[in-house]
Amino acid sequence: FPGLGNGGYDALDYSIALTVDVATNTINGTTTMLARATQMLGEFNLDLSGLSVDGATVNGTAVAMDRLGSELTLILAKPLENGGLFTTTVTYHGSPTPIADTSIPSIPLGWQAQPGGLFVASEPSGAMNWFPGNNHPRDKATFTLRIAVPRPYRVAANGTLKAILDSGGG
């Protein structure tokens with residue numbers, strides 16, 4: 001999958017918190033990625049397509065950002081050491097737009113609005129339209145999802161369900 005993913009780090013874990021407005025197909029999100037640098041990093045890229053970025057931190061410190069297409073570059077004031085663990089948090093919002101991928105030309109990928117709800121087809125390239133990350137199938141990581149949807153909608157995902165929280169709202 002040329003053009004997908006980023007070098008210089010290995011994503012280990014993602015914690016993704018989304019608030020979804022199903023009626024308008026919009027999301028507000030915060031994604032935190034735990035990663036290990038595989039070289040000294042003065043900057044690094046995350047894949048993120050179409051959504052607006054509100055801010056980003058690395059190890060709790062705000063960082064400068066640059067954006068070119070679906071590449072979000074985080075520019076560090078102090079380089080990360082090769083082998084070191086680091087945490088990146090990005091806040092973002094917008095309306096996810098499906099991605100056309102020539103490797104699977106029959107269907108668009110990523111977050112998709114459908115009559116009666118939404119679904120996500122993230123592999124191989126669709127994940128970047130709903131969260132920032134290292135969007136390559138070979139960079140395996142664990143995930144924790146916290147997704148808020150209005151009633152009557154429900155969230156379904158693979159993995160182990162830890163809790164269902166009801167805010168009591170309509």
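A residue is counted as buried when its relative accessible area is under 20%. By this criterion N25, at 13% relative accessibility, counts as buried. The model under description is a predicted one, and N25 is placed in it within the loop between β1 (9–21) and β2. The backbone of N25 has a positive phi of about 50°, although N25 is not a glycine. Most residues other than glycine have a negative phi, and most peptide bonds are trans.

A second residue of this kind is N59, for which phi is near 50°, a positive value in a residue other than glycine. N59 is located in the loop between β4 (52–58) and β5. With a relative accessible area of 45%, N59 is partly exposed, whereas N25 is buried. A further backbone feature is found at the peptide bond from R151 to P152, which is cis, with omega near 10°. P152 belongs to the segment after β11.

The strands considered here are arranged in two open sheets. Strands of a sheet pair through backbone hydrogen bonds, either parallel or antiparallel. One open sheet contains six strands in the order β5-β4-β8-β2-β1-β11, and its pairing is mixed. Its edge strands are β5 and β11, each of which pairs on one side only. Within this sheet, β2 and β8 pair in the antiparallel sense over ten bridges. N28 stands opposite H93 of β8.

Two buried residues illustrate the environment of these paired strands. T88 lies in strand β8, which spans residues 85–94. The relative accessible area of T88 is 2%, and T88 is therefore classed as buried. Apart from neighbours within four places in sequence, T88 is in contact with T31, T32, M33, F44, L46, T57, V58 and L74. A37 is part of strand β2, residues 26–37. A37 has a relative accessible area of 1% and is therefore also buried. When residues up to four places away in sequence are not counted, A37 touches G8, Y9, E81, N82, G83, G84 and F86. A37 and A11 are 26 residues apart along the chain, and their C-alpha atoms are separated by 8.8 Å.

The other open sheet comprises three strands in the order β3-β7-β6, with antiparallel pairing. Its edge strands are β3 (41–47) and β6, each pairing on one side only. From one strand to the next, the twist averages 25°. The pairing of β3 with β7 is antiparallel and extends over six bridges; L41 has L80 of β7 as its bridge partner. Strand β6 (residues 64–68) pairs with strand β7 (residues 71–80), likewise in the antiparallel sense, over five bridges. Here M65 is bridged to L74 in β7, and L74 is one of the residues in contact with T88. β6 and β7 form a hairpin with two residues between them. In the turn of this hairpin, G69 has a positive phi of about 60°.

Strand β7 also contributes to the second largest pocket, in which about 160 Å³ of space lies. The pocket is lined by V58, N59, T61, A62, V63, L76, A77, K78, P79 and L80. Two elements, β5 (61–62) and β7, give two or more residues to this lining. The largest share, five residues, comes from β7. By class, the lining consists of seven nonpolar, two polar and one charged residues. Several lining residues recur in the features described above: N59 has the positive phi noted earlier, L80 is the bridge partner of L41, and V58 is among the contacts of T88.

Burial is also found outside the strands. F131 is situated in the loop between β10 (117–121) and β11 (142–148). The relative accessible area of F131 is 6%, and F131 is therefore buried. Neighbours within four places in sequence being left aside, F131 is in contact with Y14, I16, T31, D47, L48, Y92 and F143. Among these, T31 is also in contact with T88. F131 and P96 are 35 residues apart in sequence, and the C-alpha to C-alpha distance between them is 9.4 Å.

Conventions: Residues numbered from 1 in each chain as written. Predicted model: local features only at pLDDT ≥ 70, side-chain atom pairs only at ≥ 80, totals over all residues. Heavy atoms only, no water. Helix = DSSP H or I, 4+ residues; strand = E, 2+ residues; numbered from the N terminus. Buried < 20%, exposed > 50% of the residue type's maximum accessible area, 1.4 Å probe, protein only. Contact = heavy atoms within 4.5 Å. Pairing = 2+ DSSP bridges. Axes fitted to C-alpha atoms, helices over the stretch in contact; angles between N-to-C directions. 1 Å grid on protein atoms, 1.4 Å probe; cavity = no way out; pocket = protein on both sides within 12 Å on 5 of 7 lines; lining within 4 Å. Points joined across faces, edges and corners; volume = space filled by probe spheres on them. Nonpolar A, V, L, I, M, F, W, Y, C, P; charged D, E, K, R; others polar.
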